Each structure stands twice: as C-alpha cells, then as structure tokens.
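Hi,

Here is the structure I promised to pass on. Have a look at it first, and then read my notes below.

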Amino acid sequence: MSVKFEKETVRESSIPGGRKHEIAHEIGERLTGGDTVTGYLAAYLEQLQKNPLRTKMLTSGSLSALQEVLASWIAHDRSKHGHYLSSRVPKMALYGAFISAPLGHVLIAILQKLFKGRTSLRAKILQILVSNLIVSPIQNTVYLISMALIAGARTFHQVRATVRAGFMPVMKVSWITSPLALAFAQQFLPEHTWVPFFNIVAFVIGTYINAHTKKKRLAALRKKVRLLERGMVGG
C-alpha cells in the first residue's frame with residue numbers, strides 16, 4: 001500500500017503489521033458486510049430475499065454433502081478406496097437440495113405466517129410448541145426415510161424399521177436444541193436471517209447424529225469381524 005503526495009510516494013511497508021491489519025479488516029468486511037454492501041453475508045441475505053427457494057436449495061445441498069464428509073472424517077469411516085468421499089456424498093447433496101430445503105422452506109414459511117406480528121411471551125411459547133410438536137416430527141420423519149433409502153433400504157418394512165428405531169433418539173435431540181435455537185432467533189435475529197441460522201444449527205446437529213451413527217455401525221462391524229475370527233480359530 002502507498003500514500004501519494006503529488007509525485008512523491010511514501011512506502012508503508014516498514015510499518016509492522018500494517019498490511020496484515022488491512023487484509024484482516026477487508027476479510028472481516030467481506031464476511032460480515034461491515035460498512036460495505038458487498039459482504040458475503042449481505043450478498044447471501046440479498047439472494048435469500050430475491051431467490052429464496054433457489055438459495056435455500058443450494059445452501060442445503062452444499063451443507064448436506066459437507067456434513068457427510070465431515071461425519072465420515074470424525075467417525076474414521078473410509079470408503080473401500082480409502083478416502084472419505086463415498087457415493088453417499090452426492091446423494092446427501094440431492095437430499096439437501098431437493099427434499100430438505102423445499103420442505104423447510106414451506107414449513108418455516110407457514111410457521112412465520114401463523115405467528116406474524118405476534119410478539120407476546122405466550123405467542124413465542126406457542127410458536128416453540130408448534131415447531132417441536134408438528135414441524136420437527138415432519139422434518140425428522142422425512143429425514144429418516146431419506147437416510148434409509150440412501151443407506152440401501154428398498155422395501156417398506158426396511159424403511160419403517162429405520163424410522164421406528166431412529167425417530168425417538170432424533171426427536172430427543174430436536175426437543176433439546178430446537179427450543180433453544182428458536183428462542184434465540186425470536187429474541188436476537190430478524191426473520192430474514194432465520195434460514196441461514198437454522199441451516200447452521202441443523203448442520204451441527206446433523207453432523208453429530210451422522211457421526212454417532214457411523215461410529216455405532218463401525219463398532220458393530222468390528223465386533224462381528226472379531227466374533228467370526230474367534231469362530232474360525234475355534235473351528
């Protein structure tokens with residue numbers, strides 16, 4: 001960076017940390033919007049206003065794919081080729097973009113419409129109850145059905161068994177996190193920022209559940225292998 005006085009140029013490279021401070025400031029402005037309208041968050045929220053469903057689909061698809069990779073890395077669940085990019089990654093991206101995002105778009109829109117302009121404590125509590133007793137069960141059921149199909153379930157009984165086994169554990173996590181997240185959004189966030197906020201919350205929770213499920217599956221497989229090895233040795 002330089003400061004020009006007519007024809008003379010004074011270099012500021014001798015100032016320790018000067019350029020680094022400027023770069024950090026520019027990055028901060030881009031991420032948060034800062035004093036400029038070109039920040040990444042501001043640009044994202046603008047797209048969310050102009051093209052809500054498309055933006056949600058791209059966001060949810062990207063986060064779902066990233067969630068699968070991250071959960072595999074946490075659980076040390078490698079594919080047969082020895083890496084964390086399995087066939088589940090594009091399937092999760094499709095689920096996020098074409099199932100999760102449209103469903104969440106409709107359900108959150110209905111929830112916000114039902115309680116639009118109602119800011120009393122009673123209305124906020126009622127909104128949390130509706131979210132946990134109606135919205136979350138619908139989303140979690142669709143999530144479990146989709147995960148069963150992605151995992152290879154092909155019959156109705158296989159899908160139903162997956163939903164029955166996973167519904168209450170997933171709902172318990174939702175009942176703990178959803179009221180806290182919704183109460184935080186009600187208190188501190190404008191409604192147009194709810195979608196990215198809930199996307200982040202869902203990403204964290206989904207990664208935890210996915211990684212936990214993978215760890216349990218891998219532990220069961222290792223136990224099965226050990227039992228087979230003992231059987232072979234004993235035989």
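Before the first finding, a quick word on terms: a surface patch here is made of residues with over 30% relative accessible area and no salt bridge, and like charges are joined within 9 Å. Please also keep in mind that this is a predicted model.

With that in hand, the charged patch. R222, K223, R226 and R230 come together on the surface as a patch of positive charge. One of them, R226, sits in helix α7, which covers residues 194–234. Is R226 buried, partly exposed or exposed? R226 counts as partly exposed because its relative accessibility is 44%, and partly exposed is the class between under 20% and over 50%.

Now the overall layout. The protein has seven helices and two strands, and along the sequence they run β-β-α-α-α-α-α-α-α. Of its 235 residues, 31% count as buried.

There is a nonpolar patch on the surface too, of about 850 Å². Its residues are L121, I125, L126, L129, L133, I134, I138, M168 and W175. Two helices, α5 (121–151) and α6 (156–188), each supply at least two residues of the nonpolar patch. Which of the helices gives the most? That is α5, with seven residues. If you want one residue to click on, try L133, which lies in helix α5. L133 has 59% relative accessibility, so it counts as exposed.

Helix α5 turns up again on the inside. The largest nonpolar core has 13 residues, and the members that touch the most others are Y95, Y143, L144, M147, I150 and V159. Helices α4, α5, α6 and α7 are the elements that give two or more residues to this core. The largest share, five residues, comes from α5. So α5 is the top contributor both to the nonpolar patch and to this core.

One last thing, about the backbone. Most residues other than glycine have a negative phi. H76, however, has a positive phi, near 60°. Where does H76 sit? You will find H76 in the loop between α3 (52–75) and α4 (88–114). H76 counts as exposed, because its relative accessibility is 53% and the cut-off for exposed is over 50%.

That's what I have for now. Shout if anything is unclear.

Cheers

Conventions: Residues numbered from 1 in each chain as written. Predicted model: local features only at pLDDT ≥ 70, side-chain atom pairs only at ≥ 80, totals over all residues. Heavy atoms only, no water. Patch = residues over 30% accessible without salt bridge, like charges linked within 9 Å, V, L, I, M, F, W, Y side chains within 5 Å. Areas by Shrake-Rupley, 256 points an atom, 1.4 Å probe, with all protein chains shown as cover. Salt bridge = Lys/Arg side-chain N within 4 Å of Asp/Glu carboxyl O. Lys, Arg positive; Asp, Glu negative; His and termini not counted. Charge placed at Lys NZ, Arg CZ, Asp CG, Glu CD. Helix = DSSP H or I, 4+ residues; strand = E, 2+ residues; numbered from the N terminus. Buried < 20%, exposed > 50% of the residue type's maximum accessible area, 1.4 Å probe, protein only. Core = buried A, V, L, I, M, F, W, Y, C linked by side-chain atoms within 4.5 Å.
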